[in-house]
Amino acid sequence: MTHPAVSTAVELVNAPLLYKGKVRELYDLGEQVLIVVTDRISAFDYVLDPAVPDKGNVLNRLSAFWFGLTKNLIDNHVVHIDVDQLGGVVKDREALKNRIMVVRKAERIDIECVVRGCITGGGWRQYQETGKVNGIELPQGLRKNAVLAQPIFTPAAKNDVGHDEDIPFEQMQEQIGAELALELKEKSLKLFAFARAYCEERGIILADCKFEFGLLDGKVILIDEIFTPDASRFWAKDKYALDIEIDSMDKEPVRTYLSASSWDKNSTPDPLPQEVVEETSRRYRDIYHRLTGKDL
């Protein structure tokens, strides 16, 4: 069953809006924050129309699922995901069911913690030019999509405007301190190893992923989202091959459509065709089912 798309929750929440991202909206609940995951979809730095039904539902429920699975590895910011506990804060519970997360307020660490298990995407482009990724020297002769002998940690400095900037680990250490940088690296690699093994058992390759961490009472906790199609690159094992663009299990239909269109990537694109929206929605529901064994 497909649920109606939600483009924004501004009219549905009785709380001050703290932040509106491309997909998530954050509302102030005092000591806690309400995250609403909308069905908005972005590509090439543009938020597109129309919204994709069930996308936010999948992202929120998958994050909650993974936060639960990994809580013994690292503490996280989740308080609850039950819309019924919000009382009068929410005007339409049915619309926001399964797309809310109440979280503890943490101080965000302004580093995106990226782990790469395969050489692809931006990492592949760096490797082609320099033989390195984020300053890490890799063996010569690697082919696109090759599985690395050991996953590598390739942080990026967060920019709220524009793209995050890939940086060497040494620069991360200078920016946030050597001890904290090492802790984030170790936690990121441990989380990646856990999820990669879990995905492997379900016929999925976790090629790379990103994490965000925060500080709460001086302790590092996991925040934002984890192991969703928007924060990870999932490949179906039966689609894996070297030297090609692998069709990833996410919003690939949108990227493919836009790349093949006459859009100049410098102006607001036309609305997406219905069949592209429907295929993208199906993909999000499919990865949720394959990872959790459940349907929405």
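Visitor: How many bridges join strand β3 to strand β7?

Guide: In this predicted model, strand β3 covers residues 32–37 and strand β7 covers residues 100–104, and the two run antiparallel. One of the pairings matches valine 33 with valine 103 in β7. The number of bridges that join β3 to β7 is five.

Visitor: Which strands stand at the edges of the open sheet that has the order β1-β2-β3-β7-β6?

Guide: The open sheet has five strands with antiparallel pairing, in the order β1-β2-β3-β7-β6. A strand at the edge has a single partner strand, so one side of it is left without a neighbour in the sheet. The strands at the edges are β1 (17–20) and β6 (78–80).

Visitor: What angle does the direction of helix α1 make with that of β7?

Guide: Neighbouring strands of the sheet are turned by 30 degrees against each other on average, when direction is ignored. Helix α1, residues 55–70, packs on this sheet and touches β2 (24–28), β3, β6 and β7. The angle between the direction of α1 and that of β7 is about 45 degrees.

Visitor: Are helices α6 and α7 roughly parallel or roughly antiparallel to each other?

Guide: Helix α6 (residues 252–260) and helix α7 (residues 274–292) pack with their axes 8 Å apart, at an angle of about 150 degrees. The contact is made by Glu252, Pro253, Val254 and Tyr257 of α6, together with Val276, Glu279, Thr280 and Arg283 of α7. Angles over 145 degrees count as roughly antiparallel, and α6 and α7 are therefore roughly antiparallel.

Visitor: How many disulfides does the count come to?

Guide: A disulfide is a covalent bond between the sulfur atoms of two cysteines, and the cut-off used here is 2.5 Å. The sulfur of cysteine 113 is 10 Å from the closest cysteine sulfur, in cysteine 209, which is too far for a bond. The sulfur of cysteine 118 is 11 Å from its closest cysteine sulfur, also in cysteine 209, and this too is too far. The count of disulfides comes to zero.

Visitor: Is asparagine 145, with its positive phi, buried or exposed?

Guide: Most residues other than glycine have a negative phi, whereas asparagine 145 has a positive phi of about 80 degrees. This asparagine 145 lies in the loop between β11 and β12 (147–153). With a relative accessibility of 1%, asparagine 145 counts as buried.

Technical notes
Residues are numbered from 1 along each chain as its sequence is written. This is a predicted model: local features need pLDDT of at least 70, side-chain atom pairs count only at pLDDT 80 or more; totals for chains, interfaces and linings use all residues. Side-chain values use heavy atoms; hydrogens and water are left out. Axes are lines fitted to C-alpha atoms, for helices over the stretch in contact, and angles run from 0 to 180 degrees between N-to-C directions. Helices (H or I, at least four residues) and strands (E, at least two) are DSSP runs, numbered from the N terminus. Angles under 35 degrees count as roughly parallel, over 145 as roughly antiparallel, 65 to 115 as roughly perpendicular and the rest as oblique. Contact means heavy atoms within 4.5 Å. Two strands pair if DSSP finds at least two bridges between them. Buried means under 20% relative accessible area, exposed over 50%, partly exposed in between (1.4 Å probe, protein chains only).
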